[in-house]
Amino acid sequence: MRKSEAERLIKQAYQAWDAEDWLRAAEAFEEVLAHFPDEKDSAVWWYDAALAHKFLRDWQKAYELGREAAVRAPRGEGDPAYWNLGIAATIQRDWATARDAWAGFGIELPDGEGEIEAPGGHACVRLDTGGEREVVWVERLCPTRGRVVNVPVTGGRRYGEIVVHDGAPNGERIVDGTAFPVFDELLLFRESELPTLEVTVAAGERADLEALIGLFTEHGYGAEPASSVRMLCACCSEGTHEQQRGVEAGAQRLSLAAPPEEARRLLERWATGAAIGRSWSGLEPVG
């Protein structure tokens, strides 16, 4: 291939990029890279080809091309080639490459082998299943994975599942005056076995409901008001959104994530506790 032909293909690749024709763009980049893998601008072409396959959710190709991009990127300087490789390697469950990618980006992780378990606080992730969208809290497990710690209302989604999310935020949530970036889900990494239930509970004091939610949390299960705003939505993708959640006294529906028998046991334990006026009814599965 002559360089003039390569220049023509690169121009076509970026025209396709501007049109969001990711497959055509990737194919043009790859055709050039097959002949000119180490030209002055090849590191950018490798990165863009890998990124195009990321947009296509072709994780095998994103992984393969991402490795080539990372080889040509400076280490320890926050180069995005390492972040994209970290995502693709995580999805491919190549933990050695993922660890090296995060180190190449400049992130320190605990020493170890195998699946990365490095809790790093909480984040907001926008779940996307069949066009339905819902923003939930996740407990970070690594730079790109988190365990869902809300009880999702979206059909088929569950408390405790692990998701892979993007590295660039898309909108934000404001909670008690603090802004939290929202990241888009890329993949359901591991499903949860905990079913979603709903129950009607009654309590005289807000503290009674908080005690019930705390009881489920202590046992590794989920519980929260079914009627709360629950961080839903499309509006967060368009900017900021004030989160309004709360636990109020009185009768209300709660969403639970627990095996039915365990849910009944914990509800009974709560209802027969020291407080007066606690009761529950109508425990039933959702979906």
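His219 sits in the loop that links α7 to β7 (222–225), where helices and strands are DSSP runs numbered from the N terminus (H or I over at least four residues for helices, E over at least two for strands). The model is a predicted one, in which local features need pLDDT of at least 70 and side-chain atom pairs count only at pLDDT 80 or more, while totals for chains, interfaces and linings use all residues. Residues are numbered from 1 along each chain as its sequence is written, and side-chain values use heavy atoms, with hydrogens and water left out.

With a relative accessible area of 31%, His219 is partly exposed; on this scale buried means under 20%, exposed over 50% and partly exposed in between, for a 1.4 Å probe and protein chains only. Leaving aside residues up to four places away in sequence, His219 touches Arg265, Leu266 and Arg269, a contact being heavy atoms within 4.5 Å. One of these partners, Leu266, is 47 residues from His219 in sequence, and the C-alpha atoms of the two are 9.2 Å apart in space.

The helices α7 (residues 206–218) and α8 (residues 260–271) have axes that come within 10 Å and cross at roughly 145°. Here axes are lines fitted to C-alpha atoms, for helices over the stretch in contact, and angles run from 0 to 180 degrees between N-to-C directions. The crossing of α7 and α8 is right-handed, that is, the near helix is turned clockwise from the far one by less than a right angle, and a left-handed crossing has an anticlockwise turn. On the α7 side the contact is made by Asp208, Leu209, Ala211, Leu212, Leu215 and Phe216, and on the α8 side by Ala263, Leu266, Leu267, Arg269 and Trp270. By class, this contact of α7 with α8 has 9 nonpolar, no polar and 2 charged residues; Ala, Val, Leu, Ile, Met, Phe, Trp, Tyr, Cys and Pro count as nonpolar, Asp, Glu, Lys and Arg as charged, and the others, Gly among them, as polar.

A second helix pair is formed by α2 (residues 22–33) and α3 (residues 42–55), which pack at an angle of about 150° with their axes 9 Å apart. The crossing of α2 and α3 is left-handed. Helix α2 contributes Trp22, Ala26, Phe29, Glu30, Val32 and Leu33 to the contact, and α3 contributes Ser42, Trp45, Trp46, Asp48, Ala49, Ala52, His53 and Phe55. The residues of the α2–α3 contact divide into 10 nonpolar, 2 polar and 2 charged.

Aromatic side chains also deserve a look. One aromatic cluster is formed by Tyr14, Trp17, Trp22, Phe29 and Phe55, and a search of the whole structure gives 9 aromatic pairs. Rings of Phe, Tyr and Trp (its six-membered ring) pair if their centres lie within 6.5 Å, and planes under 30 degrees apart count as stacked, over 60 as edge-to-face and the rest as tilted. The rings of Trp17 and Trp22 have centres 5.0 Å apart and planes at 80°, so this pair is edge-to-face. Trp17 is buried, at a relative accessible area of 17%, and Trp22 counts as buried at 17%.

Trp83 and Phe105 make another edge-to-face pair, because their ring centres are 4.9 Å apart and their planes stand at 75°. Trp83 lies in helix α5 (residues 80–91) and Phe105 in helix α6 (residues 95–105), so the pair ties together parts that are 22 residues apart in sequence. Trp83 counts as buried at 18% relative accessibility, whereas Phe105 counts as partly exposed at 21%.

The ring of Phe189 has charged company. Arg93 lies over the face of Phe189 at 3.9 Å from the ring centre, and Arg145 lies over the face of Phe189 at 5.4 Å from the ring centre. For such an arrangement, NZ of Lys or CZ of Arg must be within 6 Å of the ring centre and within 35 degrees of the ring normal.

Two loop residues have a backbone feature worth noting. Arg57, which is not a glycine, has a positive phi of about 60°; Arg57 is placed in the loop between α3 and α4 (59–71) and is partly exposed, with a relative accessible area of 40%. Asp176, also not a glycine, has a positive phi of about 55°. Asp176 is found in the loop between β4 (162–175) and β5 (178–190) and counts as exposed at 76% relative accessibility.

For the chain as a whole, there are 8 helices and 9 strands, and the C-alpha trace spans about 85 × 40 × 35 Å along its principal axes. Buried residues make up 45% of the 287 residues.
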